[in-house]
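Let's take a friendly walk through a protein model together. Keep the picture open while you read, and try to find each residue as it comes up.

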Amino acid sequence: MVRVFVGDDRVRAAKAVESELGGNYEVFEGESLTLADLPSIFQGVSLFGGDSGGFGDKRRILLKDLNENGAVWEKIVDYLETEHEVIIWETKIDKRSAGYKRLKEMGVEIREFNLAQKPEMRQVFGIFDAALRGDGETAVRMVEKIELEQDPYMFLGLMVTQALKKFEAKQGSKERRVVKMLGELDMRMKGEANVYLEPWTLVKMFLLEVGKK
């Protein structure tokens, strides 16, 4: 089985590799491989055997930065039927390359691990404004489109900025209530509740509640 992990969040990717392959796996650097190495990697057996010591056991293999080696990268699709557990780990990948397109066409699992991006103020304002109008469901759907790429704590910070501006402008009971709810959300996201609920889940719960009378 061959899978591809790609992205610049190396910490998350490394944890995923360890989760999938365990703590005992073979590592090959892509830049040092040749076409002649591929049969022994994908079809051969480990000199050290598997967990039970047998030479026919399934191997666990990590290939790093393989797409930088163009000749080898283009040939990976010829070895997708391997009986071994193989993860190809790339920091970045050219989605226009023939190798990538063929992997997608063949149904290879490609998981992305990208560092969170700072949300745009205009984007946050649109979501926050929808929630304040009482359309929390729309706000949640908008969040679901960005949550995999953006940081929930930065998102919260920008909502707080918007709420404080609204409070300074009007200082009504509604504005005061929203600021208080955001303070409670901040404590929940940074406190013990975060152990049981994902930060984005807490944000969505807030968006569903903040616009209610």
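A residue is called buried when its relative accessible area is under 20%, exposed when it is over 50%, and partly exposed in between. Keep that in mind for helix 10, whose buried residues are P199, W200, L202, V203, K204, F206, L207 and V210.

Before going on, a word about confidence. This is a predicted model. The protein chain averages a pLDDT of 87, and 92% of the residues score at least 70. Over residues 50–55, however, the pLDDT is below 50, and this stretch has 10 contacts in the model beyond near neighbours in sequence.

**Helix 10 and the core**

Helix 10 covers residues 199–210, which makes 12 residues. From its first C-alpha to its last it reaches 16 Å, close to the 16 Å expected at 1.5 Å a residue. An α-helix has 3.6 residues a turn, so residues three or four places apart point the same way.

One residue of this helix to look up is M205. Is M205 buried or exposed, or something in between? M205 counts as partly exposed because its relative accessible area is 36%. For a sense of distance, M205 and D65 are 140 residues apart in sequence, and their C-alpha atoms are 40 Å apart in space.

In soluble globular proteins, nonpolar side chains tend to be buried together. Here, the largest nonpolar core has 26 residues, and F206 and L207 are among those with the most contacts inside it, along with F128, F155, M159, L182 and L185. Helix 5, helix 6, helix 7, helix 8 and helix 10 each give two or more residues to this core. Apart from it lies another core, of 23 residues, including L33, L38, V72 and Y79.

Which residues does F128 contact, leaving aside its neighbours within four places in sequence? They are M159, Q162, A163, K166, V178, L182 and F206.

**Charged pairs**

Side chains of opposite charge can pair when their charged atoms come close. How many salt bridges does the structure hold? There are 15, and three of them are shown here:

| Pair | Closest N to O |
|---|---|
| E20 and R111 | 3.4 Å |
| R111 and E109 | 4.0 Å |
| K204 and E144 | 3.8 Å |

Take E20 and R111, which form a salt bridge. E20 lies in helix 1 and R111 in strand 5, so the pair ties together parts that are 91 residues apart in sequence. E20 is partly exposed at 33% relative accessible area, and R111 is partly exposed at 28%. E109, which also pairs with R111, is partly exposed at 33% relative accessibility. These residues belong to a wider network of salt bridges that links R3, E20, K58, E85, E109 and R111.

Now return to helix 10 for the salt bridge between K204 and E144. This pair links distant parts of the chain, with K204 in helix 10 and E144 in helix 6, 60 residues apart. K204 is buried, with a relative accessible area of 17%, whereas E144 is partly exposed at 43%.

**A buried residue in a loop**

Finally, find T82 in the loop between helix 3 and strand 4. T82 counts as buried because its relative accessibility is 8%. Not counting residues up to four places away in sequence, T82 touches M1, V2 and F42. The side chain of T82 also reaches the backbone oxygen of F42 at 2.6 Å.

How values were computed
Residues numbered from 1 in each chain as written. Predicted model: local features only at pLDDT ≥ 70, side-chain atom pairs only at ≥ 80, totals over all residues. Heavy atoms only, no water. pLDDT = per-residue confidence, 0-100. Contact = heavy atoms within 4.5 Å. Helix = DSSP H or I, 4+ residues; strand = E, 2+ residues; numbered from the N terminus. Expected span 1.5 Å × (residues − 1). Buried < 20%, exposed > 50% of the residue type's maximum accessible area, 1.4 Å probe, protein only. Core = buried A, V, L, I, M, F, W, Y, C linked by side-chain atoms within 4.5 Å. Polar contact = N/O pair within 3.5 Å; in protein donor to acceptor, adjacent residues only side chain to side chain. Salt bridge = Lys/Arg side-chain N within 4 Å of Asp/Glu carboxyl O.
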